[in-house]
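Let's take a walk through this model together, starting with its strands and ending at its surface. Please keep the viewer open as you read.

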Amino acid sequence: QVNLVESGGGLVQPGGSLRLSCAASGFALNSAIMRWYRQAPGKERELVASMARPGGSANYADSVMGRFTISRDNAKNMVYLQMMSLKPEDTAVYYCNAARLPFYGGGDYWGQGTQVTVSS
């Protein structure tokens, strides 16, 4: 059974940093493109960052470019999102997403989310 569990969210002051973690189980991380999404109150869920493989190219939303860094450790089945210079507009529930490659059976999986609140 595929399972994604996020952790690391919390309350942080503007300008601060947080590191989100996503623990994956039930599948091999190297069979999936891993992404972080977020959803703020009253807004649609948006893609924040994605990475197809460790050390590969990463893609970021314009709003987080230069401040957020996605990384993944296939051996540990973990995905991370390092967030720096946080702004109040970064406040949202952050979700880990795994898009399994068709060769491995496909499927789109989500974690339960972790709340990030940026406020003074």
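## The open sheet

Arg19 stands opposite Gln82 in S8. The strand labels used here are DSSP runs of E at least two residues long, numbered from the N terminus. This is a predicted model, in which local features need pLDDT of at least 70 and side-chain atom pairs count only at pLDDT 80 or more, while totals for chains, interfaces and linings use all residues. Residues are numbered from 1 along each chain as its sequence is written, and side-chain values use heavy atoms, with hydrogens and water left out.

The pair Arg19 and Gln82 is a good way into the sheet, since S3 and S8 are antiparallel partners joined by 6 bridges. Two strands are taken to pair if DSSP finds at least two bridges between them. The open sheet has 4 strands in the order S1-S3-S8-S7, and the pairing is antiparallel. Strand S1 (3–7) and strand S7 (68–73) are at the edges with a single partner strand each, so one side of each has no neighbour in the sheet. On average, neighbouring strands here are turned by 15° against each other, direction ignored; the axes behind that angle are lines fitted to C-alpha atoms, and angles run from 0 to 180 degrees between N-to-C directions.

Now look at each edge in turn. S1 is paired with strand S3 (residues 18–25) through 5 antiparallel bridges, and Asn3 faces Ser25 of S3 there. On the other side, S7 runs antiparallel to strand S8 (residues 78–83), with 6 bridges between them. In S8, Met78 is the residue opposite Asp73.

## Two positive phi angles

Two loop residues deserve a click. Asn77, in the loop between S7 and S8, has a phi near 55°, which is positive although the residue is not glycine. Asn77 counts as buried, because its relative accessible area is 15% (buried means under 20%, exposed over 50%, and partly exposed in between, with a 1.4 Å probe and protein chains only). Ser85 belongs to the loop between S8 and S9 and also has a positive phi for a residue other than glycine, near 45°. With a relative accessible area of 42%, Ser85 is partly exposed.

## A network of salt bridges

How many salt bridges does the structure hold? There are 3, where a salt bridge is a side-chain nitrogen of Lys or Arg within 4 Å of a carboxyl oxygen of Asp or Glu. Here they are, with their N to O distances.

| Residue | Partner | N to O distance |
|---|---|---|
| Arg38 | Glu46 | 2.6 Å |
| Asp90 | Arg38 | 2.9 Å |
| Arg67 | Asp90 | 2.8 Å |

Together, Arg38, Glu46, Arg67 and Asp90 form a linked network of salt bridges. Let's follow Asp90 through this network. Asp90 bridges to Arg38; Asp90 lies in the loop between S8 and S9 and Arg38 in strand S4 (residues 32–39), so this pair ties together parts 52 residues apart in sequence. Asp90 also forms a salt bridge with Arg67. Arg67 sits in the loop between strand S6 (58–60) and S7, and Asp90 in the loop between S8 and S9, so here the parts tied together are 23 residues apart in sequence.

How covered are these residues? Asp90 is buried, with a relative accessible area of 1%, and Arg67 is buried too. Arg38 is buried at 5% relative accessible area, whereas its partner Glu46 is partly exposed at 32%.

## Strand S9 and the loop after it

Asn97 is part of strand S9. Is Asn97 buried or exposed? Asn97 is buried, because its relative accessible area is 1%. The side chain of Asn97 makes a polar contact of 3.1 Å with the side chain of Asp108. A polar contact is a pair of N or O atoms within 3.5 Å; within protein, one must be able to donate a hydrogen and the other to accept it, and residues adjacent in sequence count only if both atoms are side-chain atoms.

Leu101 comes in the loop between strand S9 (92–100) and strand S10 (108–110). Leu101 is partly exposed, with a relative accessible area of 31%. Leu101, Phe103 and Tyr104 make a nonpolar surface patch of about 340 Å². Patches are made of residues with over 30% relative accessible area and no salt bridge, with like charges joined within 9 Å and nonpolar side chains (Val, Leu, Ile, Met, Phe, Trp, Tyr) within 5 Å. The accessible areas come from the Shrake-Rupley method with a 1.4 Å probe, and for residues only the protein chains shown count as cover.
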